[in-house]
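This report describes a protein chain, beginning with its overall form and ending with a single residue. Please consult the sequence and the structure shown here while reading.

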Amino acid sequence: MLKPLHVFRHPNAVYAASFASDGQTLATGSLDNNIKLWDLTSGRELRTLTGHRDGVCGVAWLPDGKQLLSASMDKTLRIWEVESGSEVLSFSGHQQYIESFALSSDGSLAASGSYDKEIRIWSIAGQATVRTLRGHTGPVYGLAFAPSAEYLASAGNDDSLRVWDVGSGRQLENCVGHKGTVQGATFSPDGRTLASCGSDSTLRLWNAKTLELQQTVGEHHGYLKCLAYSPDGKLLLTAGSAGTLHIYDASGRPLAALPSLHQNTIYGLAFSDDGRKLATASFDRTIKLWNVQEICGS
């Protein structure tokens with residue numbers, strides 16, 4: 001039986017997790033309105049960052065490793081100084097609560113998707129909205145920057161997967177295929193593939209250049225909520241309402257299915273930068289830390 005390296009707990013559902021670049025600290029965001037920092041060697045809680053007035057749906061470390069960016073249902077993004085736990089900046093503009101969040105690989109841009117049906121792209125250094133993207137006819141549930149940050153993919157409650165040119169804000173494509181809410185999207189590390197998952201219980205792989213559908217995998221039980229590529233791009237993971245983790249190779253070939261890792265929906269998946277650790281964040285109020293070699297056999 002698989003055993004996690006550590007189990008961390010919030011007093012409410014956990015939506016997101018993010019590893020520091022050194023792999024020694026994990027940040028988690030919860031519906032308890034707080035962000036917690038965990039020491040991955042000892043398993044102890046290091047600090048709680050408080051200030052958001054509603055659930056935290058996204059967390060990501062900035063490249064300097066000293067600051068953390070968070071997204072919340074209180075309609076704000078915030079930057080925190082990790083060492084002191086103090087809030088440095090706050091970004092606001094959405095009219096309804098934020099549901100999705102992404103940070104570009106160089107840390108210069110953030111994107112937020114909201115129940116107001118809008119996507120906002122923010123300049124971290126400029127502390128302002130770069131542009132607002134409109135086109136979705138329902139809440140925006142998932143966001144992902146391409147590795148180059150030239151493109152942004154958005155997943156919506158309107159059953160659509162859309163791709164945008166970040167520089168101009170122009171919508172390039174509405175990828176048709178999912179038969180229900182698209183919950184998540186992510187680009188492969190090499191930028192060649194766009195993967196999406198949704199309430200229709202399917203994983204879909206798209207050519208990121210032509211945006212043509214390459215493959216559909218539909219063997220899941222319950223809806224899929226989140227997905228993530230390993231840093232080397234060799235593995236693609238999905239998880240969702242059944243608390244099951246599905247593992248695929250880069251082509252979408254199923255490798256394993258690990259049932260009941262959590263007792264409720266898995267909302268977040270995060271790899272450490274070296275690809276050796278995986279964090280799963282769940283509505284069951286726990287975050288579990290796993291050895292990737294043990295669960296994936298790689």
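The text below treats the chain as a whole and then turns to one loop residue.

The structure is a predicted model. Its secondary structure amounts to 28 strands and 1 helix. For 298 residues, a compact globule would be expected to have a radius of gyration near 19 Å, and the 17 Å of the protein chain agrees with this. The following table collects values for the whole chain.

| Property of the protein chain | Value |
|---|---|
| Span of the C-alpha trace along the principal axes | about 45 × 45 × 30 Å |
| Share of the 298 residues that count as buried | 59% |
| Exposed area | about 12100 Å² |
| Share of the exposed area from carbon and sulfur atoms | 43% |

Among contacts with a separation of 6 or more, 41% join residues 24 or more positions apart. As to charge, the protein chain carries 29 negative and 26 positive side chains, and 2 Å separates the centres of the two sets.

Ala250 offers a local view. This residue lies in the loop that runs between strand E24 (245-249) and strand E25 (254-258). Is Ala250 buried, partly exposed or exposed? Its relative accessibility is 38%, so Ala250 counts as partly exposed, given that the partly exposed class falls between the limits of 20% and 50%.

When neighbours within four places in sequence are set aside, the contacts of Ala250 are with Leu205, Gly233 and Lys234. Leu237 stands 13 residues from Ala250 along the chain, and the C-alpha atoms of the two are 9.8 Å apart.

Definitions and conventions: Residues numbered from 1 in each chain as written. Predicted model: local features only at pLDDT ≥ 70, side-chain atom pairs only at ≥ 80, totals over all residues. Heavy atoms only, no water. Helix = DSSP H or I, 4+ residues; strand = E, 2+ residues; numbered from the N terminus. Rg over C-alpha atoms; globule rule 2.2 N^0.38 Å. Buried < 20%, exposed > 50% of the residue type's maximum accessible area, 1.4 Å probe, protein only. Contact = heavy atoms within 4.5 Å. Areas by Shrake-Rupley, 256 points an atom, 1.4 Å probe, with all protein chains shown as cover. Lys, Arg positive; Asp, Glu negative; His and termini not counted. Charge placed at Lys NZ, Arg CZ, Asp CG, Glu CD.
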